[in-house]
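Have a look at the model below, then read on. We'll start with one local detail, step back to the whole chain, and finish on a helix and its surroundings.

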Amino acid sequence: MICAVSGGVDSSVTACLVDRAIGKNLVCVFVDNGLLRKNEAQKVVALLNRQLSAPLVFVDAGQRFLDRLAGVTDPEEKRIRIGNLFIDVFEEVSQEKGPFEFLAQGTLYPDRIESTSTVGPSATIKSHHNVGGLPEKLNFHLVEPLGLLFKDEVRELGFALGLPREQVLRHPFPGPGLAVRVLGEITAKKLDILREADDIFIEGLKRWDLYDKVWQAGAILLPVRSVGVMGDARTYDYSVVLRAVTSTDGMTADWAKLDNAFLQEISNRIINSVTGVNRVAYDVSSKPPSTIEWE
Ligand code: XMP
């Protein structure tokens with residue numbers, strides 16, 4: 001069996017579960033798609049290497065994903081391309097290390113409901129990559145042990161497996177990563193700007209003891225520039241939106257009522273230290289009618 005790991009709670013729990021069940025017949029694969037948070041890939045690989053008995057294959061595919069996304073602005077098109085490239089990479093690893101008959105992945109129940117109308121009653125809202133991007137003739141049998149669980153149940157399972165608190169209580173992060181948080185066309189430069197702003201936000205949430213109080217948080221880079229002033233000079237730079245929500249399952253969500261002093265500190269730090277950003281906004285929309293991610 002081959003298992004895709006992203007470092008998120010869903011795939012970590014999936015990997016640890018199948019590792020305990022069939023570790024000798026398992027190979028885990030971590031794909032660095034270049035769309036991860038700052039220093040994320042190194043941290044995840046170090047942690048999983050300690051936890052898994054199965055080998056962990058690291059694939060640096062950042063440039064391939066950037067190439068595949070060049071010029072693409074449509075959110076669904078981004079997801080489909082990312083999903084398809086993920087599968088291509090898995091198939092390549094599988095040919096090299098395999099053959100493998102099964103692919104394990106951490107799809108949850110809400111992913112299915114929101115991505116297909118055949119499982120749940122709702123229309124397709126977003127094609128989540130681990131459901132919507134799969135090609136028709138996938139060469140693996142899919143194994144989705146968390147397919148009927150909600151996030152809180154996955155976390156319980158994570159604790160039962162003895163995974164560390166920080167890993168189990170990690171915020172959800174979308175499979176297509178920062179690709180759906182850089183609105184419009186994705187470039188390496190925009191990803192770097194977003195990574196810095198996001199890191200300041202997340203680090204601040206932890207320092208202010210707010211991280212565990214929100215379901216999910218992150219920064220979004222808007223494809224519009226606005227005028228600002230820095231010292232004596234006029235600036236014409238990008239805007240960053242901070243998004244933080246409370247929720248129990250991601251299906252509905254409220255915007256988090258974060259302290260004004262906290263927002264002020266984060267805004268100042270981002271504008272003063274992230275080159276290319278001169279404006280920070282806070283998203284005060286709930287789901288529905290908005291969604292958590294902007295794309
Ligand atoms: P939305 O934006 O639909 O997000 O309110 C609900 C939850 O799902 C995550 N999300 C994704 N996860 N692939 C994923 O694996 C995706 O394409 C994707 N899109 C959204 C989102 O971060 C939130 O936790």
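## A turn after a helix

Which residue takes a positive phi just after α7? That's G162, with a phi of about 85°. Bear in mind throughout that this is a predicted model.

## The chain as a whole

Let's zoom out. The chain has 10 helices and 9 strands. Its C-alpha atoms fit a box of roughly 65 × 40 × 40 Å along the principal axes. The radius of gyration is 19 Å, and this agrees with a compact globule, because 295 residues packed that way would give a value near 19 Å.

As for what's inside, 53% of the 295 residues count as buried. Plenty of the contacts reach across the sequence: taking pairs at least 6 residues apart, 72% join residues at least 24 apart.

## Surface and charge

On the outside, the chain exposes about 13,700 Å², and carbon and sulfur atoms supply 52% of that area. For the charges, there are 33 positive and 39 negative ones, and the mean positions of the two sets sit 3 Å apart.

## Helix α7, side by side

Now back to α7, which covers residues 151–160. Its buried residues are K151, V154, R155 and G158. Looking down the helix axis, these fall within an arc of 100°, so they line one face of α7. What do they pack against? The partners are α1 and α8, the latter spanning 165–168.

Flip to the face turned away from the buried side and you'll find the exposed residues E156 and A160. D152, also part of α7, has 44% relative accessibility; partly exposed covers the range between 20% and 50%, and therefore D152 counts as partly exposed. The C-alpha atom of D152 is 9.5 Å from that of L169, a residue 17 places away along the chain.

## The view from D10

Is D10 buried or exposed? This residue belongs to helix α1, residues 9–22. Its relative accessibility is 14%, and because buried means under 20%, D10 counts as buried.

Setting aside neighbours within four places in sequence, D10 is in contact with G106, L108, L146, K151 and V154. Two names there should ring a bell: K151 and V154 are among the buried residues of α7. D10 thus gives a residue-level look at the packing of α7 against α1.

Definitions and conventions. Residues are numbered from 1 along each chain as its sequence is written. This is a predicted model: local features need pLDDT of at least 70, side-chain atom pairs count only at pLDDT 80 or more; totals for chains, interfaces and linings use all residues. Side-chain values use heavy atoms; hydrogens and water are left out. Helices (H or I, at least four residues) and strands (E, at least two) are DSSP runs, numbered from the N terminus. The radius of gyration is taken over C-alpha atoms; the globule rule is 2.2 Å times the number of residues to the power 0.38. Buried means under 20% relative accessible area, exposed over 50%, partly exposed in between (1.4 Å probe, protein chains only). Contact means heavy atoms within 4.5 Å. Accessible areas come from the Shrake-Rupley method with a 1.4 Å probe; for residues, only the protein chains shown count as cover. Lys and Arg count as positive and Asp and Glu as negative; His and the chain ends are not counted. The place of a charge is taken as NZ of Lys, CZ of Arg, CG of Asp or CD of Glu. The arc is that of the directions from the helix axis to the C-beta atoms.
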